[in-house]
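Student: I would like to look closely at one part of this structure rather than at the whole of it at once. Could you choose a place to begin and lead me carefully through what surrounds it?

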Amino acid sequence: MSLNDAQNSQFLDYFSSKVNQDTEKLLFGDFNCPNVSWIAGTLSGPSDSSNRSIIFQQNLLEIIHEAGMDWLITDEITRRRKCGDNIQESTIDQVFCSEDSLISEFNVFSPIGKSDHVSIISELNIFPLSNNHSHENDDVKRNWAKYSLSDIINLSKEISWDFNSNLEKMSIEEAWNEIHGKLLKITDMIPPVAHVR
């Protein structure tokens, strides 16, 4: 589902505020830019277009270039779906980073569940300030060394990734909070919990 004009503007403001912070940054997601050639980092289409989607993509590209962000996906097809009798392929999912050295390994896998988007798994060269999530007690730690990728994929298939309400009426923050809650379900349910003594 596409965002409306107000949501596009809200998203671009939010995105710009994040990429222009004076910190290291990693941003993953579906940025819905099918007209961008990520090999060159350019937009295919008229620069004076009145098309809402083209204007959004052009504005997003300008923010990325001005912030000096790098991207990892160049010619990989990240979404494949059937439209009538045709198969539509596009590169709309992306990973942006302020430094290539933040990521030590990067792989694209088949979609999870009913999604028409690929799965992206990255190994990061960053370390948390604490081993505890903010919603965990101090005497509980998660044993990440024992998690199973196949368990995560299977659980992800059981989660409804649809929004609970009409996306067009949600703010960007409301939409993110809902997706974040679904991700926390996986985080909370998969890794075994060890009680620290």
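Tutor: Let us begin with two residues that face each other: W71 stands opposite F96, which belongs to strand β7. Please keep in mind throughout that this is a predicted model, and that each value I give is computed from it.

To see where this pair of residues sits, look at the sheet around them. The strands β1, β7 and β4 follow one another in that order in an open sheet of three strands, and their pairing is antiparallel. The two edge strands, each of which pairs on one side only, are β1, residues 26-30, and β4, residues 70-71. Between β4 and β7, which covers residues 93-97, there are two bridges, and these two strands run antiparallel. As a general point, strands of a sheet pair through backbone hydrogen bonds, and they may do so in a parallel or an antiparallel way.

Now follow the rings. The structure holds eight aromatic pairs. One of them is formed by F31 and F96, whose ring centres are 4.9 Å apart and whose planes make an angle of 70°, so the pair counts as edge-to-face, a class that needs over 60 degrees. This pair links distant parts of the chain, for F31 lies in the loop between β1 and β2 (36-37), F96 lies in strand β7, and 65 residues separate them. How buried or exposed are these two rings? F31 is buried, with a relative accessible area of 7%, and F96 is also buried, at 0% relative accessibility.

The other residue we started from, W71, has a ring partner too. W38 and W71 form an edge-to-face pair, with 5.4 Å from centre to centre and 65° between the planes. Because W38 lies in the loop between β2 and β3 (42-43) while W71 lies in strand β4, this pair ties together parts of the chain that are 33 residues apart in sequence. W38 has a relative accessible area of 3% and is buried. W71 stands at 19% relative accessibility, and it still counts as buried because the limit is under 20%. The two pairs we have followed belong to a wider group, since ring pairs link F11, F15, F31, W38, F56, W71 and F96 into a cluster.

The cluster names F11 and F15, and these take us to helix α1, where both are among the buried residues, together with Q7, N8, L12 and V19. These buried residues cover an arc of only 135° around the axis, so they lie on the same side of α1. The general reason that such a side can arise is that an α-helix has 3.6 residues a turn, so residues three or four places apart point the same way. On the other side of α1, A6 and D13 are exposed. The helix itself has 15 residues and reaches 21 Å from its first C-alpha to its last, which is close to the 21 Å expected at 1.5 Å a residue.

What covers the buried residues of α1? The cover includes two strands that we have already met, β1 and β7, as well as the helices α2 (52-67) and α4 (172-189). Of these, α4 has 18 residues and should span 26 Å at 1.5 Å a residue, and its end C-alpha atoms are indeed 26 Å apart. It has buried residues of its own, namely I172, A175, E178, K182, I186 and T187.

One more residue helps to place the stretch that leads from α1 into the sheet. E24 lies in the loop between α1 (5-19) and β1, and, unlike the buried rings, it counts as exposed, at 55% relative accessibility. Although E24 and S98 are 74 residues apart in sequence, their C-alpha atoms are 5.7 Å apart in space. Leaving aside residues up to four places away in sequence, E24 touches S98 and L102.

To draw the path together, we began with W71 opposite F96, placed the strands in the sheet order β1-β7-β4, followed the rings into a cluster that includes F11 and F15, and reached α1, whose buried residues are covered in part by β1 and β7.

Definitions and conventions:
Residues are numbered from 1 along each chain as its sequence is written. This is a predicted model: local features need pLDDT of at least 70, side-chain atom pairs count only at pLDDT 80 or more; totals for chains, interfaces and linings use all residues. Side-chain values use heavy atoms; hydrogens and water are left out. Two strands pair if DSSP finds at least two bridges between them. Helices (H or I, at least four residues) and strands (E, at least two) are DSSP runs, numbered from the N terminus. Buried means under 20% relative accessible area, exposed over 50%, partly exposed in between (1.4 Å probe, protein chains only). Contact means heavy atoms within 4.5 Å. Rings of Phe, Tyr and Trp (its six-membered ring) pair if their centres lie within 6.5 Å; planes under 30 degrees apart count as stacked, over 60 as edge-to-face and the rest as tilted. The expected span of a helix is 1.5 Å times one less than its number of residues. The arc is that of the directions from the helix axis to the C-beta atoms.
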